[in-house]
Amino acid sequence: MTGTLSINGTELRISLRGDEVLLDLLRDLGYTEVKEGCREGACGSCLVLLEGVLVNSCQVLAASALGREITTVKGLGTFHRPHPVQEAFVEAGAVQCGFCTPGMVLATFALLKKNPRPSEEQIRHALDGNLCRCTGYVKIIESVKLAAERMAPDGR
Amino acid sequence: MDNSLQRTKAADIRPRRLLDSLDLPRPRTHTESVAARKEQVNEVAEIQWYFPNELEEVPDLLAREGVIPHSGGTGILWGGMTRIRALMDVSRLELKFCRIHGGTIDLGAALSYSETAAALGESGHLLGRSLCAAATEPLRNRISLGGSISMFPYWSDLMGPLLAYEAELSLVGANGGARGLGEYLQNRDLRQNTLITSIRLQDRSWQGAYYRHTRTLTDRPAFSITVLLRQSAGRIEEVRIVVVGCSGRYKRLSVVEKLLEGSEVPSDPSELLEQAAQQLDIDFSARMGFSTEYLRACAAIELKRTLASALGSSSPSKPGSRS
């Protein structure tokens, strides 16, 4: 089947299989910032925003996303103009091997969009779908708080 | 000194050159990826997808052989795609609503757990609290009410509260009309060629508590207990207790309910709760490393605690445990 997808603001016409998951489609199209981890919806490495909603792309049938807007972590900011969430992750030292980072950044972005001043419990709840095997989460929670502080004044 | 030679040497140790020297297959360009995907698509038998825009189109689509409704959840993927021939995406139908009027709550079947919890108030309504504790944030954003009811996994955080509220379903298709949730679950024929469009709860003023038995916050519960009760003048007027995850998938504890209804609630209800736990007649299959005996013992203890929590009725919501 064929259809269109808007990925990070770029409209693409694509062919896909009916049983294909969004993760495979995105990676095949070159969006390798969407990481493949458990393929069971447990690790959060493959998170993307589908119409602004945080989802595990390994648990989304690609056909059901046709005509919709998808944002990957590269859609938030660039190397030279990073998003405040991305900056906060770097500054707080929340990145070690970096494999979980795209998912963590998107989960943080989705949280702060809904709730600009989350409590620590709310942060932990919002990031409950993201596993990190390096950091022990302390720095990640700190970076979410830092990003919340930075984003609060201008509401960016 | 020959500067050009130095530059050549520096270039040689760039990672790209090192990778080239390993003779690895060159990564595909975007254009090549798209071309390769087109070839792949032509080789594989297609699953037929339907995208109805109006509810009127649904019965005809469901009447076709092998068409399964899909509202975005994960159940179809978990069940495996090999036997699926056709899927009907219901996301374009207007099945995402929450209408609260006169003690009745109508929930659209395509609402996700997160959307339902947000609509009901995450820390207020018992159903909102149980859904907040389910799975993980990105999964809560996808799992839908309708899909969850029709799949009904034993770890469901939705079904206990719905059964306790004695929810009613609106169905479209071969078995269209309004049906009680209990009837829908017991008669499997009702699921054939039928789509759940909405769920209705009669929301009187209940005191409630919900418990999920897990090892970690994001575990699937081995079982869950839902308690709804109403008190009047120091007596339990009405109580509903549902255990999900036991043998037979769920059980309404009518013997315990009968024992409690009409009972006076003393300031220290521990004796009453002990009697209730002794009346617990329930079986489990061993799962997640828990033996049947262990699960039964845990259920008896947690029944007492959940009842106590419902009687106190002010315990804070805490995902992964009691709410």
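Trainee: Why is A:Tyr137 called partly exposed?

Mentor: Count its neighbours: A:Tyr137 has 16 other C-beta atoms within 10 Å. A residue is buried with 20 or more other C-beta atoms within 10 Å of its own, exposed with 12 or fewer, and partly exposed in between, with C-beta atoms placed from the backbone. So A:Tyr137 is partly exposed. Keep in mind that this is a predicted model, where local features need pLDDT of at least 70, side-chain atom pairs count only at pLDDT 80 or more, and totals for chains, interfaces and linings use all residues. Residues are numbered from 1 along each chain as its sequence is written, while chains are lettered from A and ligands numbered from 1 in the order in which they are written.

Trainee: What makes the phi of A:Tyr137 worth a look?

Mentor: Its phi is positive, about 75 degrees, although A:Tyr137 is not a glycine. You'll find A:Tyr137 in the loop between α4 (120-126) and α5 (138-151) of chain A. Helices here are DSSP runs of H or I, at least four residues, and strands are runs of E, at least two, numbered from the N terminus.

Trainee: And what about B:Asn193, buried, exposed or in between?

Mentor: B:Asn193 has 19 other C-beta atoms within 10 Å, so B:Asn193 counts as partly exposed. Its phi is also positive, near 50 degrees, and B:Asn193 is in the loop between α11 (181-186) and β8 (194-202) of chain B.

Trainee: How do you know that the span of α14 of chain B agrees with what a helix should have?

Mentor: The expected span is 1.5 Å times one less than the number of residues. For the 21 residues of α14 (292-312) of chain B that gives 30 Å, and the end C-alpha atoms are 30 Å apart, so the two agree.

Trainee: Which parts of chain B cover the buried residues of α14(B)?

Mentor: The cover includes β9 (207-212), β10 (224-232), β11 (235-246) and α13 (270-278) of chain B. Among the buried residues of α14(B) are B:Leu295 and B:Ala299. Both are in contact with B:Phe223, contact being C-beta atoms, placed from the backbone, within 7 Å.

Trainee: What makes B:Phe223 stand out in the largest nonpolar core?

Mentor: B:Phe223 is one of the residues that touch the most other members of that 73-residue core. A nonpolar core is a set of buried Ala, Val, Leu, Ile, Met, Phe, Trp, Tyr and Cys residues joined through C-beta atoms within 7 Å.

Notes: Contact = placed C-beta atoms within 7 Å. Lists of a residue's contacts leave out its neighbours within four places in sequence.
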